[in-house]
Amino acid sequence: MGNKATYEPKVSTGRYLDPETASIDVIDRQLVNPFGGKSHKEMNDLIDAFMETTKIDEIYSEHIRKGAFLAQDSEAFQDLREDGLQLKQEERAALVLEDPRTGNKWNQPWILYALVGCCSLGAAVQGWDEVRRIALSLVS
């Protein structure tokens, strides 16, 4: 089979790290940035395997590659890259808005606030329903 990277969508504990022998620092680093320390070739192999396994259209390949390299290193597109992958101006502007140091965390689409409000109301109604059920079970 060779050294071809494989993508497994299932969560597997201890696949890369043995929790019995790995230090807490190593485990923490792996959880915080699972792409950390991977070479450019390893990243490309993982992305290719992910695309093949999930059968995502090839038109999204560039976006997935950009996202994976940004997840590995937020400074991945500051300089010219050897692979020719570059961010567009609108993508750079969106990243500036996402950055907590330069963006405004409250500058979000209104539909997001509407969604949060609806979910909060739903949670409140569910809580009231649970209280009613518990109260009825205590009474009867």
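**Exercise 1.** In this predicted model, determine whether Asp129 is buried, partly exposed or exposed, and identify the salt-bridge network to which Asp129 belongs.

*Solution.*
Step 1. Asp129 has a relative accessible area of 23%. Since partly exposed covers the range between under 20% and over 50%, Asp129 is partly exposed.
Step 2. Asp129 forms a salt bridge with Arg132, with the closest N and O atoms 2.8 Å apart. The two residues are three apart in helix H5 (residues 110–139), and therefore about one helical turn separates them.
Step 3. Asp129 also meets Arg133 in a salt bridge, at 2.6 Å from N to O; this pair lies four residues apart in H5, about one turn of the helix.
Step 4. Arg133 in turn meets Glu130 at 3.9 Å, N to O. The network of salt bridges thus links Asp129, Glu130, Arg132 and Arg133.
Step 5. The partners are likewise partly exposed: Arg132 at 46%, Arg133 at 47% and Glu130 at 36%.

**Exercise 2.** State which residues form the largest nonpolar core and which helix gives the largest share of it.

*Solution.*
Step 1. The core has nine residues: Met43, Ile47, Met51, Ala68, Phe69, Ala76, Phe77, Leu85 and Leu87.
Step 2. Helices H2 (40–54) and H3 (61–72) are the elements that each give two or more residues; H2 supplies the largest share, three.
Step 3. Beyond its neighbours within four places in sequence, Phe69 contacts residues including Met43, Ile47, Ala76, Phe77 and Leu85.

**Exercise 3.** Locate Lys55 and describe its phi angle.

*Solution.*
Step 1. Lys55 lies in the loop between H2 and H3.
Step 2. Although not a glycine, Lys55 has a positive phi of about 60 degrees.
Step 3. At 66% relative accessible area, Lys55 is exposed.

Conventions. Residues are numbered from 1 along each chain as its sequence is written. This is a predicted model: local features need pLDDT of at least 70, side-chain atom pairs count only at pLDDT 80 or more; totals for chains, interfaces and linings use all residues. Side-chain values use heavy atoms; hydrogens and water are left out. A nonpolar core is a set of buried Ala, Val, Leu, Ile, Met, Phe, Trp, Tyr and Cys residues joined through side-chain atoms within 4.5 Å. Buried means under 20% relative accessible area, exposed over 50%, partly exposed in between (1.4 Å probe, protein chains only). Contact means heavy atoms within 4.5 Å. A salt bridge is a side-chain nitrogen of Lys or Arg within 4 Å of a carboxyl oxygen of Asp or Glu.
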